Amino acid sequence: MDLNFSLAGLLGLALYAGCIFHAIRTGRINYWLLILIFLPGLGSIAYLLIEVLPEMRTSRAARRAVSGLGEVLDPNRALREGEANLEVLDTADNRRHLAEEHMKRGRWAEAEALYRAALVGPLADDPALLIGLAKALSGRGDHAGAAEALDKLYRDSPNYESREARLIQARSLEGAGRLQEAAEAWRALIGYAPGPEAQVRYGLLMKKAGEAGRAKEAFTEAVRTYGRDPGKLDPADREWLAQAQRNLA
């Protein structure tokens, strides 16, 4: 009994303190302070219902946090929901959503099968489905197949533009050994794609091709642009920056 009471008391105190902190941080301290002081229990519950919960429904960061917590508690929930949705209604969109869930788990073959099943009839040249197929093929190491999927995308939809597709295309061309095309693709992505990857990959391909001057120029520009505050880069981009620095040493 004492232990339960102590735990409930601690939780209530934590809620009370959290509400006061939230009220101060968001500028709601005027009248809510009086309510929270004189009615700590009911005031905290009222504050939670009136101020915090509605904010969580409209806040993108809060929705991401709730979604992330849900994934931790039940990591396969979205996959099960995707399977159930597809069973109820077999549409290309439901196949695409389920394929995305498979890719999050590294199940590239399952994702590929779903994309191929969706790429039929009037949707045979759908850009989103072709990009998804290219991602699935690239994920399982079929770079030639991924490059072919994106070749089809830009052959059928020459005016379509997607930074994600261009990045997958450049990586796939390089992985498939189509190095001249890959170099052109990476050069076109410099300044278009975020981070130093395009510049460094282009520099590495120029170095491989014996174009030392162009390689050095690409590495130097990558360091100049992204080396000022590397702490703001994500780990993958920091590694690309480190590669540029090593090639200039």
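Which side chains meet in a salt bridge at 2.8 Å, N to O? In this predicted model, where local features need pLDDT of at least 70, side-chain atom pairs count only at pLDDT 80 or more, and totals for chains, interfaces and linings use all residues, the side chains of E197 and R201 form such a pair. Residues are numbered from 1 along each chain as its sequence is written, and side-chain values use heavy atoms, with hydrogens and water left out.

The protein chain contains 14 helices and zero strands, where helices (H or I, at least four residues) and strands (E, at least two) are DSSP runs numbered from the N terminus. Of the 249 residues in the protein chain, 33% are buried; buried denotes a relative accessible area under 20%, exposed one over 50%, and partly exposed a value in between, with a 1.4 Å probe and protein chains only. The accessible surface of the protein chain amounts to about 15,100 Å², and carbon and sulfur atoms account for 58% of this area, as computed by the Shrake-Rupley method with a 1.4 Å probe, only the protein chains shown counting as cover for residues. Among contacts (heavy atoms within 4.5 Å) between residues at least 6 apart in sequence, 41% join residues at least 24 apart.

The largest nonpolar core, a set of buried Ala, Val, Leu, Ile, Met, Phe, Trp, Tyr and Cys residues joined through side-chain atoms within 4.5 Å, comprises 25 residues, and those with the most contacts inside it are Y115, L150 and L153. At least two residues of this core are supplied by each of helix 5 (77-88), helix 6 (92-104), helix 7 (108-118), helix 8 (127-139), helix 9 (143-156) and helix 10 (163-175), and helix 8 gives the most, with seven residues. When neighbours within four places in sequence are left aside, Y115 is in contact with R96, A99, E100, M103, L129, G132, L133 and A136. Another core, of 21 residues, lies apart from the largest one and has L167, L189, A215 and A244 among its members.

A244 is also one of the buried residues of helix 14, together with D237, W240, L241 and A242. This helix (residues 235-248) has 14 residues and reaches 20 Å from its first C-alpha to its last, close to the 20 Å expected at 1.5 Å a residue, the expected span being 1.5 Å times one less than the number of residues. Its buried residues pack against helix 12 (197-208) and helix 13 (212-226).

Side chains of opposite charge can pair when their charged atoms come close. The structure holds 20 salt bridges, each defined by a side-chain nitrogen of Lys or Arg within 4 Å of a carboxyl oxygen of Asp or Glu. In the pair introduced at the outset, E197 and R201 are four residues apart in helix 12 and are therefore separated by about one helical turn; both E197 and R201 are buried. Elsewhere, salt bridges that share partners join E112, R116, R140 and D142 into one network. Within this network, R116 forms a salt bridge with E112, the closest N and O atoms being 2.9 Å apart, and both residues lie in helix 7, four residues apart, about one turn of the helix. R116 is partly exposed, with a relative accessible area of 45%, whereas E112 is buried, at 11%. R140 in turn forms a salt bridge with D142, with the closest N and O atoms 3.8 Å apart; R140 counts as partly exposed at 42% relative accessibility, as does D142 at 25%.
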